[in-house]
Amino acid sequence: MESQAGDGVKYIPVSSDIPHLLQSCKIRQPIPDNPTAAWKRFTKRTASRNQLKTALHARQQGLCAYCEITLENTEDQNIGSHVDHILPKENHQALTFDYDNLVLSCFATGGEIKADEKDPAPVSCGHAQLKRTNNFDESLFIKPTDSDCERYFSFELDGEAIAHPNLDSSDIDKAKHTLKVLNLNCLRLKRLREDTITQLYQIVTELQDDSDALKRFLMLELQETKSFINARKQHVG
Ligand SMILES: [Zn+2]
């Protein structure tokens, strides 16, 4: 049960089905001189932005590429989403409009949760401080588009994401660096993960004498569109 890989960074298979407005922008500007300005111009156009976000949303099955929360959360919070460059466009101009370098991350620009005493750093993923300021080591950063990214992480019952116990020391460094850069162990995420895992075990225990009901429950709860899908699979899959 616990030797399987968990999440932390969700694997996003890259598709060759590239949104055409993005593709035509890339053809026009393969290496923009000012990637920030070029990107702003692209996302300012509603049609370009919406087409890209819709495609990424489908590619990621509605989950944040980094923390795996559902991006439309209608329950206790709705923090929105933004398109994130996995590797910073400022250092990799040629990746500004590269579909393989783009993911949908939680937190709408300007919609970040404010820090307070109880949670001094509640913002994670693409807008986490170290990621947002490009203050990380790219050689240690595990990308959601790396086909083996999920093997690096494992989940504790208290919701903490950790480096998978089977990793060697250089891979442990990568996992730890990635968790820190994306702030994937902020209080908010730990709590949400803990609640998810606790509830799953609770219901699995309640249904243990009814194998049909248990099977139906797990089929629903282990769908790829469910938040923290890899933590779910690790614990009750
Ligand atoms: Zn996230």
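**Group meeting: a zinc site, an aromatic cluster and some buried residues**

Hi everyone, let me start with F97, which counts as buried because its relative accessibility is 2%. Please keep in mind throughout that this is a predicted model.

F97 has a ring partner, F42, and the two form an edge-to-face aromatic pair, with 5.6 Å centre to centre and 70 degrees between the planes. Where do F42 and F97 sit in the chain? F42 is in helix α2, while F97 is in the loop between β1 (81-85) and β2, so the pair links distant parts of the chain, 55 residues apart. Is F42 buried, like its partner, or exposed? F42 counts as buried, because its relative accessibility is 5%. W39 joins in as well: W39, F42 and F97 make up one aromatic cluster. Counted by the rule used here, there are five aromatic pairs.

While we are on rings, two arginines deserve a look. R59 lies over the face of Y99, 4.5 Å from the ring centre. The second one is R151, whose charged end sits over the ring of Y152, 4.5 Å from the centre of that ring.

Now to the metal. Which residues hold the zinc ion as protein donors? They are C64, C67, C106 and C125, each giving its SG atom, and these lie 2.3 Å from the zinc ion. Along the chain, the donors follow the spacing C-x2-C-x38-C-x18-C. C64 lies in the loop between α3 and β1 and C106 in strand β2, so this pair ties together parts that are 42 residues apart in sequence. Both C64 and C106 are buried.

Why do we call the arrangement around the zinc ion tetrahedral? The four donor atoms subtend angles of 102 to 114 degrees, and that makes it tetrahedral. For reference, the ideal angle for four tetrahedral donors is 109.5 degrees.

Let me stay with one of those donors, C125, for a moment. C125 is in the loop between β2 and α4 (129-132), and it is buried, with a relative accessible area of 0%. Its backbone has a positive phi of about 65 degrees, although C125 is not a glycine. Most residues other than glycine have a negative phi. E68 is another example: its phi is near 70 degrees, again a positive value in a residue that is not glycine. E68 lies in the loop between α3 and β1, and it counts as buried because its relative accessibility is 0%.

E68 brings me to K10. What does K10 touch, leaving out residues up to four places away in sequence? Its contacts include E68, the zinc donor C64, and also Q60, E150, E224, I229 and N230. K10 sits in the segment before α1, and K10 is buried, with a relative accessible area of 5%.

Two of those contacts, I229 and N230, take us to helix α8. Seven of the eight residues of α8 (residues 229-236) are buried, so this helix is largely enclosed by the rest of the structure. The buried ones are I229, N230, A231, R232, Q234, H235 and V236. Among the elements that cover them are β3 (153-155), α6 (187-206) and α7 (211-221).

Helix α1 (residues 20-28) gives us another picture. Its buried residues are L21, L22 and C25. Why do we say that they lie on the same side of α1? They cover an arc of only 100 degrees around the axis, and that puts them on one side of the helix. The general idea is that an α-helix has 3.6 residues a turn, so residues three or four places apart point the same way. On the face turned away from the buried side, α1 carries the exposed residues H20 and I27. The cover over the buried residues of α1 includes α2 (35-44), α3 (46-59) and β2 (102-106).

One last stop: D171, in helix α5 (residues 169-181). D171 counts as buried, because its relative accessibility is 10%. Leaving out residues up to four places away in sequence, D171 touches R151 and Y152, and R151 and Y152 are also the pair with the charged end over the ring. The C-alpha atoms of D171 and L140 are separated by 8.5 Å, with their positions 31 residues apart along the chain.

Thanks for listening, and I'm happy to go back to any of these sites.

How values were computed
Residues are numbered from 1 along each chain as its sequence is written. This is a predicted model: local features need pLDDT of at least 70, side-chain atom pairs count only at pLDDT 80 or more; totals for chains, interfaces and linings use all residues. Side-chain values use heavy atoms; hydrogens and water are left out. Buried means under 20% relative accessible area, exposed over 50%, partly exposed in between (1.4 Å probe, protein chains only). Helices (H or I, at least four residues) and strands (E, at least two) are DSSP runs, numbered from the N terminus. The arc is that of the directions from the helix axis to the C-beta atoms. Contact means heavy atoms within 4.5 Å. Rings of Phe, Tyr and Trp (its six-membered ring) pair if their centres lie within 6.5 Å; planes under 30 degrees apart count as stacked, over 60 as edge-to-face and the rest as tilted. A charge sits over a ring if NZ of Lys or CZ of Arg is within 6 Å of the ring centre and within 35 degrees of the ring normal. Donors are N, O and S atoms within 2.8 Å of the metal (3.2 Å for Na, K and Ca); water is not among the atoms, so sites may look incomplete. Four donors count as tetrahedral if all angles lie between 85 and 135 degrees; four count as square planar and six as octahedral if opposite donors are over 155 degrees apart and all others between 65 and 115; anything else is irregular.
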